[in-house]
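Here is a short, friendly briefing on salt bridges, meant to be read with the model open beside it. Shall we take a look at where the charged side chains meet?

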Amino acid sequence: MARKKKTMVGAHVAPGKPLKEAEAISADCVQIFLSDPQGWKKPPPRKDAGELRDSAVPLYVHAPYLINVCSPRNNVRYGSRKILQQTCDAAAEVGAAAVIVHAGYAEDGINEGVGRWPRTLEMLTSEVPVYIENTAGGENAVARRFDALAQLWEAVSKAESNAEIGFCFDTCHAHAAGEELGDAVDRVRAIVGEIDLLHANDSRDPPGTGADRHANLGKGEIGADVLREMITAAGPPVVVETPGPAKAIRADLEFVRTALAQAQARN
C-alpha cells in the first residue's frame, strides 16, 4: 500500500541499501531507482522488499529517464507504457510513497504529445501514486514551460485512470526552462492545484539553457535566496537530487530544513 504524504526532507540515494543511506545522511525519506535509469529492463525483485515496506522511512521511486509516453514512435511509446507499469508494480512491492516520471516530449509537437498522456493513464494500473515531473529541456517537451504544463494538466485531469496522479516540481528544471522563479511555485500551484513533492536542486548552468545538471543548494546559478523562497513556498516533502559525498548531501538537507524552520517561525 502507498504511504500517505508526510512532512519529510530527504535525498536521492544509491539503490543498494537505501535505508542505511538514509541513516548515514540523516534523511527523513529517500528516493531511488528500482532499475537502470537509462534502460528498458523490468525492475528485478528486491530481497529487502519486506524491510522497505515495513520501514518508517518513506521511499520515493524515480522511473527510468527513457520513459516517453508522448512519443509518436509506437515502439518508444508502447515500451514507455510497459516499463512505467512495471515500475509502478515494483514500487508497490516495496511500499513506495510514489513513482516520479518525467512528462516527456513529442517530435511532432506539444499538442500531439499532450494528447497521448490520457491513453497512458487509462491503461495504467497502480496502487502507488504517480507524480508527473516538469522537465528541463526540449522544444516539444510537454512540461518544460508552464504554458505547456497547463495544457498537459488539463488533459491529465480529464483522463479516466485508477491511478492517483500528482505533480513533482523540480527547481533546477524550471530554471533550465527559463521560467521566472520568483513566483514559479504560485504559478505552478495555479495549474496543478498542489505540489506533491519538491525536487530542490540548484543548477550548474545559467537560466534557459535546458541543461539538467544539478548543483548543491546555494552553490549554483539559481542562488540561495531564491531557492529558500521556493522551498518555503512549496513546502515539504522535499527531496534533493544533488551531487557529492555524504557531507555535501547532509549540508543540502540542512539547507532545506533551515529554510522550512525559518518560514514556520515567521508564521
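Please keep in mind that this is a predicted model. E122 is a good place to begin: this residue is partly exposed, at 42% relative accessible area, and its salt-bridge partner is R119. The count of salt bridges in the model comes to twelve, and a few of them are picked out below.

**Pairs within a helix**
- R119 and E122 bring their closest N and O atoms to 3.7 Å.
- Both R119 and E122 belong to helix α4 (residues 110-123), where three residues, about one turn of the helix, lie between one position and the other.
- R119 is partly exposed as well, with a relative accessible area of 45%.
- In helix α5 (residues 146-158), E154 and K158 are four residues apart, about one helical turn.
- The side chains of E154 and K158 form a salt bridge with an N to O distance of 3.3 Å.
- E154 is partly exposed at 48%, whereas K158 is exposed at 62%.

**A pair of buried and exposed partners**
- R144 and E139 are joined by a salt bridge, with 3.7 Å between the closest N and O atoms.
- R144 counts as buried because its relative accessibility is 11%, and buried means under 20%.
- E139 counts as exposed because its relative accessibility is 68%, and exposed means over 50%.

**A network**
- Salt bridges also link R145, E179, D183 and R187 into a network.

Conventions. Residues are numbered from 1 along each chain as its sequence is written. This is a predicted model: local features need pLDDT of at least 70, side-chain atom pairs count only at pLDDT 80 or more; totals for chains, interfaces and linings use all residues. Side-chain values use heavy atoms; hydrogens and water are left out. A salt bridge is a side-chain nitrogen of Lys or Arg within 4 Å of a carboxyl oxygen of Asp or Glu. Helices (H or I, at least four residues) and strands (E, at least two) are DSSP runs, numbered from the N terminus. Buried means under 20% relative accessible area, exposed over 50%, partly exposed in between (1.4 Å probe, protein chains only).
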